[in-house]
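Q: Please take a close look at one part of this model, a pocket together with the helices around it. I should like a connected account that also covers related packing and backbone features.

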Amino acid sequence: MGHARRAGPEPSSAALGQEAGRAVKVLVTGSAGFVGARFRQVLEWGDHEVYCVDIADGFDCRIFFRTATAYFDLVIHCAAVVGGRTMIEGAPFHLAAEDLSIDAELWRWARRAHPGRIVYFSSSAAYPIDLQAAEREPTQLVEEDIDLDHVRTPDQSYGWVKLTGEMMARVARAEGLAVTVCRPFSGYGETQDPCYPFPAIMQRVRRGENPVQVWSDSVRDFIHVDDIVAATLVAADHGIDGPVNLCTGRRMSFVELAYLAGARGVVVLNNMPTGVHHRVGDPTRMLDFYEPKVTLEEGIARGLA
């Protein structure tokens with residue numbers, strides 16, 4: 001684990017419950033993935049004792065959870081089967097089965113090990129799809145739109161997995177565990193896989209394609225991965241259970257995003273997975289403790305660079 005310091009968001013030692021003379025022990029699952037890798041970098045810059053588990057490195061977190069006995073001050077649970085809209089709509093059974101099993105091992109281990117705090121990443125996919133339909137007046141999604149006692153249909157099997165995770169977080173709190181639930185919206189960044197809309201569109205603009213193809217004219221709420229990481233660590237610092245939206249509240253369609261990035265022309269495909277029509281979050285709860293630092297314009301500049 002490296003400890004070289006670089007520019008970037010950095011958690012305070014207080015945020016992770018650091019005691020004088022003792023390094024904070026942090027477990028990051030899914031540490032080779034887009035978000036998990038950024039957590040790993042930021043935490044190591046802060047000289048924390050960071051343990052990383054990812055199946056890409058040959059160590060399935062499910063095996064880790066079945067055998068681990070160590071105590072951790074903080075667990076950042078990023079491990080999940082992902083793959084963008086194609087995976088969500090094209091392989092819903094595989095995705096749900098694997099992600100449910102991953103989360104189940106987390107909660108089983110947590111009940112035994114009692115870590116200091118767990119960060120569970122839910123998703124904006126957990127929100128009811130009827131609130132995001134084209135025929136409905138566009139609105140910002142607020143945390144209270146999800147009622148775990150009266151669940152409404154989320155986005156595909158992936159949304160159901162995340163609702164199940166949120167329910168388990170509530171049960172875990174009743175068992176005495178500290179859990180922070182975050183609902184990130186459309187996270188993006190320079191290292192994101194091109195199966196996601198933001199990097200795919202940036203690549204097409206960089207190549208000078210004209211017109212630039214986008215899969216739909218759906219509207220999303222883009223938040224940079226640096227802000228996802230920083231907001232999450234502040235939430236853990238403050239002992240915020242959540243759920244809390246990680247978003248900006250700024251609406252941006254894929255067509256608008258392409259033009260903002262410099263596209264000269266845009267064409268919308270009509271034969272690709274599209275998802276819900278309008279998914280924008282209300283950032284009010286997050287703004288009580290964190291304000292995003294990376295504007296979409298800056299994020300686009302980084303992506304194009």
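A: The account below begins with the pocket and proceeds to helix packing and then to the backbone. The model is predicted.

The second largest pocket has a volume of about 210 Å³. Its lining consists of Gly33, Phe34, Ala37, Arg38, Gln41, Gly189, Glu190, Thr191, Asp193, His224, Val225 and Asp226. Two elements, H1 and H7, each give two or more residues to this lining. H1 provides the largest share, four residues. Sorted by class, the lining of this pocket comprises three nonpolar, five polar and four charged residues.

The two helices named above also pack against each other. Helix H1 spans residues 34-45 and helix H7 spans residues 225-237; their axes are 10 Å apart and form an angle of about 60 degrees. Because angles from 65 to 115 degrees count as roughly perpendicular and those under 35 as roughly parallel, this arrangement makes H1 oblique to H7. The crossing of H1 past H7 is right-handed. On the H1 side, the contact involves Phe34, Val35, Arg38, Phe39, Val42 and Leu43, which meet Val225, Asp226, Ile228, Val229, Thr232 and Leu233 of H7. This contact between H1 and H7 has nine nonpolar, one polar and two charged residues. Phe34 and Arg38 of H1 take part in the contact, and the pocket lining includes Phe34 and Arg38 as well. On H7, Val225 and Asp226 belong to the contact and are likewise among the lining residues.

A second helix pair may be set beside this one. Helix H6 (residues 197-206) packs with helix H10 (residues 296-304) at an angle of about 60 degrees, with the axes 9 Å apart. H6 and H10 are therefore oblique to each other, and H6 passes H10 in a right-handed crossing. Phe198, Met202, Val205 and Arg206 of H6 make the contact with Leu296, Gly299, Ile300, Gly303 and Leu304 of H10. By class, the contact of H6 with H10 contains six nonpolar, two polar and one charged residues.

The loops that follow some of these helices carry notable backbone geometry. Proline 211 lies in the loop between H6 and strand S7 (212-214), and the peptide bond from asparagine 210 to proline 211 is cis, with omega near 5 degrees. In the loop between H7 and strand S10 (244-246) is proline 243; a cis peptide bond joins glycine 242 to proline 243, with omega about 5 degrees. Finally, histidine 114, located in the loop between helix H4 (92-113) and strand S4 (117-121), has a positive phi of about 50 degrees although it is not a glycine.

Methods
Residues numbered from 1 in each chain as written. Predicted model: local features only at pLDDT ≥ 70, side-chain atom pairs only at ≥ 80, totals over all residues. Heavy atoms only, no water. Axes fitted to C-alpha atoms, helices over the stretch in contact; angles between N-to-C directions. Parallel < 35°, antiparallel > 145°, perpendicular 65-115°, else oblique. Left-handed = near helix turned anticlockwise from the far one by under 90°. Contact = heavy atoms within 4.5 Å. Nonpolar A, V, L, I, M, F, W, Y, C, P; charged D, E, K, R; others polar. 1 Å grid on protein atoms, 1.4 Å probe; cavity = no way out; pocket = protein on both sides within 12 Å on 5 of 7 lines; lining within 4 Å. Points joined across faces, edges and corners; volume = space filled by probe spheres on them.
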